[in-house]
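Welcome to this guided tour! Open your viewer, find the selection tool, and follow along one stop at a time.

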Amino acid sequence: MIATSYEYMFRIDLFVKNKEDWIFNYGSDLLQQSILAGYECNDRYLQERIALDYPGFMVNSGNYRKVDSPSESCLYACLGYENAYCSSDYKNYYITIDNFLGKYQLIKLIDSPFKIAEENSIIQTTINNSFITKIGRYKVPNNSSLVVIAASISTVLVGLFTILYVLYLAKLSG
């Protein structure tokens, strides 16, 4: 009897175990039924996992490297993700995350005004919800909710003074 044969018999493949756990906790009904029917479902699992964990990202078939000097939008967009960095294909900047599930590089394009605005909202949330106070320069938090509250209060006060003035005029004339 060889000792390694027992080790091999009882060894659990952690990737497969984590994959199955994730599928039965978060996967679609189709993915769960396919696994139960004996299919591997690696592609569907990867698609559903990325869609849930990193919406808008895709698996990169190339291998993009960290840029030397990122654009401002890419730099701040990366703040919304753990272990993310800016990469480039010499035309566009990307948010890049290495070693997703131990072997994939994920990328998300950052170049259109819509994408930049979307990422900036993630950035603002990250800055407001974290203790990051300095990243090359200070960022001013988004105070738009305070402006809306102040405008609402001033509108109510103007309305209240208008009502009081109308009542005052009615008392004078009557």
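**First stop: tyrosine 45**

Select tyrosine 45: its relative accessibility is 2%, and because anything under 20% counts as buried, this residue is buried. Keep in mind as you look around that this is a predicted model. Tyrosine 45 belongs to helix H4. Now add leucine 31 to your selection. The two residues are 14 residues apart along the chain, and their C-alpha atoms are separated by 7.2 Å.

**Zoom out: the whole chain**

Switch to a cartoon view and show everything. You should find seven helices and four strands. If you trace the chain along its sequence, the pattern reads α-α-α-α-β-α-β-β-β-α-α. Of the 174 residues in the chain, buried residues make up 26%. If you turn on a surface, you are looking at about 12,800 Å² of exposed area, with 59% of it supplied by carbon and sulfur atoms. Contacts tell another part of the story: among those between residues at least 6 apart in sequence, 41% join residues at least 24 apart.

**The sheet**

Next, color the strands. In what order do the four strands of the open sheet lie? The order is S1-S4-S3-S2, and the pairing is antiparallel. At the edges you will find strand S1 (58-59) and strand S2 (84-88), each of which pairs on one side only.

Let's walk across the sheet, beginning at S2.

- **S2 to S3.** Five bridges join these antiparallel strands. Select serine 87 and look across to tyrosine 94 in S3, which stands opposite. The two strands form a hairpin with four residues between them. In that turn, click on tyrosine 90, which has a positive phi of about 75°.
- **S3 to S4.** Select residues 93-100 for S3 and residues 104-110 for S4; six bridges join this antiparallel pair. Two facing pairs to highlight are phenylalanine 100 with tyrosine 104 in S4, and isoleucine 95 with lysine 108 in S4. This hairpin has three residues between the strands, and leucine 101 takes a positive phi near 55°.
- **S4 to S1.** Two bridges join these strands, which also run antiparallel. Here methionine 58 stands opposite isoleucine 107 in S4.

Before you leave the sheet, select S4 alone. Is this strand mostly covered or mostly open? S4 is mostly covered, with five of its seven residues buried.

**Back to helix H4**

Now select residues 42-53, which make up helix H4. Turn the view until you can see this helix lying across S1, S3 and S4. Helix H4 runs at about 120° to S3.

Show the side chains of aspartate 53 and arginine 49. What links them? They form a salt bridge, with the closest N and O atoms 2.6 Å apart. The structure holds one salt bridge, so once you have found this pair, you can move on without hunting for another. Both residues lie in helix H4, four residues apart, which is about one turn of the helix.

Look at how each partner is covered. Arginine 49 has a relative accessible area of 17%, so it is buried. Aspartate 53 has a relative accessible area of 31%, so it is partly exposed.

**A visit to helix H3**

Select residues 29-36 to show helix H3, then pick out serine 34 within it. Serine 34 is buried, with a relative accessible area of 15%. Which residues does serine 34 touch, leaving aside its neighbours within four places in sequence? The contacts are with Tyr39 and Cys41.

**Last stop: a patch on the surface**

Finally, select residues 144-173 to bring up helix H7, and find isoleucine 153 there. Isoleucine 153 counts as partly exposed, because its relative accessibility is 48%. Isoleucine 153 is also one of the residues that form a nonpolar patch on the surface. To see the whole patch, select Ile149, Ile153, Leu157, Leu160, Phe161, Ile163, Leu164 and Leu167. Together they have about 790 Å² of accessible area.

Conventions:
Residues numbered from 1 in each chain as written. Predicted model: local features only at pLDDT ≥ 70, side-chain atom pairs only at ≥ 80, totals over all residues. Heavy atoms only, no water. Pairing = 2+ DSSP bridges. Contact = heavy atoms within 4.5 Å. Axes fitted to C-alpha atoms, helices over the stretch in contact; angles between N-to-C directions. Buried < 20%, exposed > 50% of the residue type's maximum accessible area, 1.4 Å probe, protein only. Patch = residues over 30% accessible without salt bridge, like charges linked within 9 Å, V, L, I, M, F, W, Y side chains within 5 Å. Areas by Shrake-Rupley, 256 points an atom, 1.4 Å probe, with all protein chains shown as cover. Salt bridge = Lys/Arg side-chain N within 4 Å of Asp/Glu carboxyl O.
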